[in-house]
Amino acid sequence: MDSVEIFGWYGMAAIVGAYALVSFSVIDAGSLLFQLLNVTGAVGILVVSWRKKVYQSVLLQLVWASIGLIALAQIIF
């Protein structure tokens, strides 16, 4: 496995994990943990998507990470 693939696998696990945690009311969608999982997950998938030249996924992950970063800023500040 290419070392970049690890970023993609982490990203997938982080985003699905965040979704599951919110869906089963373990954490709140407005929590720091949820947003961190989404942002870091999006970056992980973005890295592997860029490497494999899957630009639709790159754009999706840029938007996903941007939304998460805005939400993080609202939580922190």
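In this predicted model, the side chain of S31 reaches the backbone nitrogen of F34 at 3.2 Å. S31 sits in the loop between α1 and α2, and with a relative accessibility of 18% this serine counts as buried, because the cut-off for burial is under 20%. Another serine of the loop between α1 and α2, S25, offers a contrast in exposure: S25 counts as exposed, at 64% relative accessibility. The backbone of S25 also deserves a look, as its phi is positive, at about 60°, although S25 is not a glycine.

A similar backbone feature appears in the loop between α2 and α3, where K53 is found. K53 is not a glycine either, yet it has a positive phi of about 60°. With a relative accessible area of 59%, K53 is exposed.

Stepping back to the whole chain, the fold is made of 3 helices and 0 strands. Read from the N terminus, the order of elements is α-α-α. The radius of gyration is 13 Å, close to the 11 Å that the globule rule gives for 77 residues, so the chain is as compact as a globular protein of that length. The C-alpha trace spans about 35 × 25 × 20 Å along its principal axes. Burial applies to 35% of the 77 residues. Contacts between residues at least 6 apart in sequence reach far along the chain, with 59% of them joining residues at least 24 apart. The exposed surface of the chain comes to about 5,100 Å², and 74% of that area is supplied by carbon and sulfur atoms.

Helix α2, which covers residues 32-51, holds a buried polar residue, N38. The relative accessibility of N38 is 7%, which is why N38 counts as buried under the 20% cut-off. The side chain of N38 has a polar partner in the side chain of W64, at 2.9 Å. When neighbours within four places in sequence are set aside, N38 is in contact with I15, A18 and W64. Of these, W64 thus takes part in the polar contact.

L46 also lies in helix α2. Beyond its neighbours within four places in sequence, L46 is in contact with V58, Q61 and L62. In the other direction along the chain, D28 is 18 residues from L46, and the C-alpha atoms of the two are separated by 25 Å.

Turning to charged pairs, a search of the whole structure finds 2 salt bridges. One of them joins the side chains of R51 and D2, with an N to O distance of 3.3 Å. R51 belongs to helix α2 and D2 to the segment before α1 (5-23), so this pair ties together parts that are 49 residues apart in sequence. D2 is partly exposed, its relative accessible area being 35%. A salt bridge is also formed by E5 and K52, whose closest N and O atoms are 2.8 Å apart. Here too the pair links distant parts of the chain, with E5 in helix α1 and K52 in the loop between α2 and α3 (55-76), 47 residues apart. E5 counts as partly exposed, at 22% relative accessibility.

The surface also carries a nonpolar patch, formed by M1, I6, W9, M12 and V16. Together these residues have about 590 Å² of accessible area. One member of the patch, W9, is placed in helix α1. W9 counts as exposed because its relative accessibility, 53%, is over the 50% cut-off.

Helix α3 provides a further exposed nonpolar residue, I70. The relative accessibility of I70 is 54%. I70 and G8 are 62 residues apart along the chain, and their C-alpha atoms are separated by 22 Å.

Definitions and conventions
Residues are numbered from 1 along each chain as its sequence is written. This is a predicted model: local features need pLDDT of at least 70, side-chain atom pairs count only at pLDDT 80 or more; totals for chains, interfaces and linings use all residues. Side-chain values use heavy atoms; hydrogens and water are left out. Helices (H or I, at least four residues) and strands (E, at least two) are DSSP runs, numbered from the N terminus. Buried means under 20% relative accessible area, exposed over 50%, partly exposed in between (1.4 Å probe, protein chains only). A polar contact is a pair of N or O atoms within 3.5 Å; within protein, one must be able to donate a hydrogen and the other to accept it, and residues adjacent in sequence count only if both atoms are side-chain atoms. Contact means heavy atoms within 4.5 Å. A salt bridge is a side-chain nitrogen of Lys or Arg within 4 Å of a carboxyl oxygen of Asp or Glu. The radius of gyration is taken over C-alpha atoms; the globule rule is 2.2 Å times the number of residues to the power 0.38. Accessible areas come from the Shrake-Rupley method with a 1.4 Å probe; for residues, only the protein chains shown count as cover. Patches are made of residues with over 30% relative accessible area and no salt bridge: like charges are joined within 9 Å, nonpolar side chains (Val, Leu, Ile, Met, Phe, Trp, Tyr) within 5 Å.
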